[in-house]
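This briefing concerns the structure shown below. The points that follow are grouped by topic.

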Amino acid sequence: MQWANFLANEAATHSLSLQQTAAFVEYFQTEHLGKSEAKLASELNVDIAVFKKLLDEVYKKFVQNYPELTISNSRDKLQKLQSYLTAKYNSELNILKPLAAMKLLKTLVARERLQKEPWIARRICKFLGYLPLALELVGQYLDKMPGLSLETLLKRLEKKRVEHENVVNENSLMPDKDGVAEAFELSWEQLDENAKSFGCLLSLCALADIPLSIGTVKDDKKQELWEKAIADLLELHLLQQKSQGIYHLNPTIRQLFQMKLEESGEADEAKTKFAAMMLEVAKLIPQQLTPEDIVNFTPHIPHITEVATHLSQYVSDENLITLFTKLAWFYQGQGLYQQAEPWLQQCVELTKNRLGLEHLDVATSLNNLAQLYDFTGRYSEAEPLYQQALELRKRLLGEEHTDVATTLSYLALLYESTGRYKEAEPLYQQALKLWKRLVGEEHPHVATTLNNLAALYCYTGRYSKAEPLLKKSLELRKRLLGDNHLDVATSLNNLAQLYESTRRYSKAEPLYKQALELSKRLLGEEHPDVAISLNNIASLYRQTRRYKKAKPLFEQALKICERTLGVGHPTTMTIRANYASFLREAYR
C-alpha cells in the first residue's frame with residue numbers, strides 16, 4: 001500500500017468528513033510535509049482559519065482512537081500526528097523490496113523448503129505485495145503445515161483473493177490490504193472457535209497495547225480457555241507479546257477480526273461482554289490516585305476510553321455514569337483537568353439523553369462537572385450546575401438526604417472561594433446538621449464539614465471559633481481514616497494556617513511539613529495540592545524572615561501550578577502574586 005492510499009484509508013477509518021479528508025490528505029502528502037499551515041492554505045487558495053479548524057477537528061478525531069497521542073512530549077499537535085502516522089506506516093504497511101521480502105520469508109520458512117520451489121516463493125512474495133505483515137502470517141501458516149507445498153499455498157491464496165474481492169465489492173468497509181486479508185483468511189481457518197471468539201473480543205480493544213492479566217481470572221476453565229486462545233493467536237502471528245502480560249494487535253489484523261465479528265451475528269453479545277469487562281476495571285479507579293494507581297491503571301485507560309467513545313450504548317443505564325466519572329477521576333487525580341473535562345461533559349449529555357432530565361444520575365453528573373469547574377477556578381460556570389443539581393436532588397430525594405447535604409457543602413465551598421462568606425456560612429451549617437442527623441457524629445463527612453466551616457471562620461478572622469473545629473476535624477479524620485489519608489493532610493494544613501495567622505509559628509511549621517510529606521507520598525511530586533503546601537511553608541519562612549529557604553519553595557510551587565493548572569488559574573495567580581510580593585520584600 002502506498003502512502004497516499006494509506007492516508008485515504010486512515011481518513012475513512014476515522015470517519016473524517018469530505019472537507020476534513022481533503023485537508024488531512026493535502027497536509028500530510030509527502031510534498032507538503034515541510035510547509036506551514038499558512039503557506040499550504042495560501043497555495044491551495046483556502047482560508048487559513050477554515051483550514052486550521054479542519055485540521056484541529058482531524059486531530060481530535062485521531063486522539064479519540066489513539067489516546068497515546070496526548071502522552072507525546074511534542075507541543076505541535078500536527079507534528080505528533082505526523083510522527084505517529086509515519087511510524088505506523090513504516091512499521092506495518094511499508095512495502096519491502098523483492099530481495100528484502102525473500103530474505104524475510106527465509107527467516108520464517110525452512111531454507112530447504114524454499115529451495116525446492118524458488119520461483120513459487122518469489123511469486124508468493126509478489127502476490128502478497130511484499131508486505132511484511134502478510135509474509136509473516138504466511139510464514140507462520142507454513143510452519144504449522146510442514147507437508148504443504150508452496151504451490152498449493154499459492155493456489156489457496158489465489159482462491160482467497162477471489163473470495164475477498166467479492167466481499168470487498170459488496171462491503172465498502174472491508175479493509176483492502178493487498179495480501180494481508182488473504183493470508184489472514186488462511187490463518188483464520190486454522191483457529192478453533194475459542195481462539196476465533198477471543199481474537200474478535202480483542203479487536204474491540206483500542207489501538208494500543210493490551211494488558212491481559214490471565215492470573216486474575218477467577219474461573220479456572222475460563223482462564224485455561226484464554227491461555228489457549230492467546231497461545232494459538234501468538235503461534236499464527238495474529239497477536240504479538242510485547243512483555244509479560246502486555247500484547248499488541250496489529251491495526252490491520254484488528255480490522256479483519258472486527259469484520260469477522262460483524263459477520264458472526266454475535267457482535268452485540270461480544271461488545272456487551274467487552275464493555276462489562278472494561279467497566280469492572282474502571283470501577284477500581286479511586287477518586288484520589290496514588291502514584292502506584294497511576295502506573296497500574298494507565299495501560300487500561302485507552303481500552304476504557306474505547307468503550308466510552310464507541311461502545312457506550314452497550315453499557316447499562318445504571319453503570320453509564322460510573323464509566324465516564326471514573327475516566328475523569330483518572331485525569332483529575334493527576335491534575336490533568338483539561339483531559340478530565342470532556343468526560344464529565346459527555347456524562348451530563350449522555351445521562352440527560354438516555355435517562356431523561358428528571359433522574360438522579362443527571363444530578364450527580366451535574367454535580368461532578370461543577371466540582372471540576374469549581375476546582376479549576378471557573379466559578380461562574382460551576383455555580384449554576386451546583387444549583388441545578390441541588391434542586392433536582394431535593395425534588396427527587398426530599399430535603400433530608402445525604403446527596404442534598406453533599407451539594408450544599410460544595411455550593412458553600414464555592415461561595416467561600418468567591419468571598420461570599422455570608423452566603424456560605426448558613427449552607428455549611430445546614431449541611432453539618434444534616435450530616436449529623438443522617439450519619440451520626442462519627443463520620444468523615446462530618447469531619448469535612450467541620451473543617452470547611454472552620455476555614456470560613458479563619459477567612460473572616462474568627463480564629464477562636466475556628467480552632468476547636470479544626471482540632472475536632474483532624475482528630476476525627478485520623479481516627480476514622482487513619483494517619484495516611486489526604487483529608488488528614490488537609491486538616492494539618494488548615495490548622496497550621498490558623499497557627500500562622502495567630503503568629504504561633506513554631507506550632508505551624510511542623511504541621512505544614514507533615515502535610516507536605518503526606519501529599520507528596522499520596523499524590524506524587526507534581527500535584528496542585530503539593531504546590532499549595534510548598535507555597536504555605538514558603539509563606540511561613542517569609543513571615544519569619546528565612547528568605548533563602550522561602551525562595552526555592554515559591555519557585556517550585558509556581559512551576560507545578562503552571563504545568564498542572566495553567567497560568568490563568570486562581571491558585572497559580574495567587575502563588576505568583578505571593579512570590580512577587582516576597583521578591584519585593586526580600587530584595588528591596
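Lys513 and Glu509 lie 4 residues apart in helix α27 (residues 505–523), which means that about one helical turn separates them. In this predicted model, their side chains meet in a salt bridge, with an N to O distance of 3.1 Å. An α-helix has 3.6 residues a turn, so residues three or four places apart point the same way.

**The pair in helix α27**

- Lys513 is partly exposed, its relative accessible area being 36%.
- Glu509 has a relative accessible area of 15% and is buried, because the cut-off for that class is under 20%.
- Side chains of opposite charge can pair when their charged atoms come close.

**Other salt bridges**

- A search of the whole structure finds 35 salt bridges.
- One of them joins Lys242 to Asp209, with the closest N and O atoms 3.2 Å apart. This pair links distant parts of the chain, 33 residues apart: Lys242 belongs to strand β2 (residues 240–243), and Asp209 to the loop between α12 (193–202) and β1 (210–211).
- Lys242 is exposed at a relative accessible area of 52%, whereas Asp209 is partly exposed at 32%.
- Arg479 forms a salt bridge with Glu442, and their closest N and O atoms are 2.3 Å apart. Arg479 is in helix α25 (residues 463–481) and Glu442 is in the loop between α23 (421–439) and α24 (444–459), so the salt bridge ties together parts that are 37 residues apart in sequence.
- Arg479 is partly exposed, with a relative accessible area of 44%; Glu442 is also partly exposed, with a relative accessible area of 44%.
- Asp192, Lys228 and Asp232 are linked in a network of salt bridges.

**Charged surface patches**

- Asp219, Asp220, Glu224 and Glu227 form a negative patch on the surface.
- Within that patch, Glu227 is placed in helix α13 (residues 220–235). Glu227 has 41% relative accessibility and therefore counts as partly exposed.
- A patch of positive charge on the surface gathers Lys103, Lys106, Arg111 and Arg122.
- Of these residues, Lys103 is placed in helix α6 (residues 98–108). Lys103 is exposed because its relative accessible area of 52% lies over the 50% cut-off.

**Overall architecture and burial**

- The protein has 30 helices and 3 strands.
- Taken along the principal axes, the C-alpha atoms of the protein fill a box of roughly 95 × 55 × 45 Å.
- Of the 588 residues in the protein, 51% are buried.

**Helix α18**

- Helix α18 (residues 317–332) has 16 residues. The distance from its first C-alpha to its last is 24 Å, close to the 22 Å expected at 1.5 Å a residue.
- Helix α18 is largely enclosed by the rest of the structure, because 13 of its 16 residues are buried.

**A contact between separated positions**

- Leu54 is found in helix α4 (residues 48–65), and at 16% relative accessibility Leu54 counts as buried.
- Leu54 and Gln19 are 35 residues apart along the chain, yet their C-alpha atoms are separated by 7.3 Å.

**Positive phi angles**

- His237 is not a glycine, although its phi is positive at about 65°. His237 is found in the loop between α13 and β2.
- With a relative accessible area of 19%, His237 is buried, because that value falls under the 20% cut-off.
- Arg503, which is not a glycine, also has a positive phi of about 65°. The place of Arg503 is in the loop between α26 (486–501) and α27.
- Arg503 counts as exposed, at 66% relative accessibility.

Terms used:
Residues are numbered from 1 along each chain as its sequence is written. This is a predicted model: local features need pLDDT of at least 70, side-chain atom pairs count only at pLDDT 80 or more; totals for chains, interfaces and linings use all residues. Side-chain values use heavy atoms; hydrogens and water are left out. Patches are made of residues with over 30% relative accessible area and no salt bridge: like charges are joined within 9 Å, nonpolar side chains (Val, Leu, Ile, Met, Phe, Trp, Tyr) within 5 Å. Accessible areas come from the Shrake-Rupley method with a 1.4 Å probe; for residues, only the protein chains shown count as cover. A salt bridge is a side-chain nitrogen of Lys or Arg within 4 Å of a carboxyl oxygen of Asp or Glu. Lys and Arg count as positive and Asp and Glu as negative; His and the chain ends are not counted. The place of a charge is taken as NZ of Lys, CZ of Arg, CG of Asp or CD of Glu. Helices (H or I, at least four residues) and strands (E, at least two) are DSSP runs, numbered from the N terminus. Buried means under 20% relative accessible area, exposed over 50%, partly exposed in between (1.4 Å probe, protein chains only). The expected span of a helix is 1.5 Å times one less than its number of residues.
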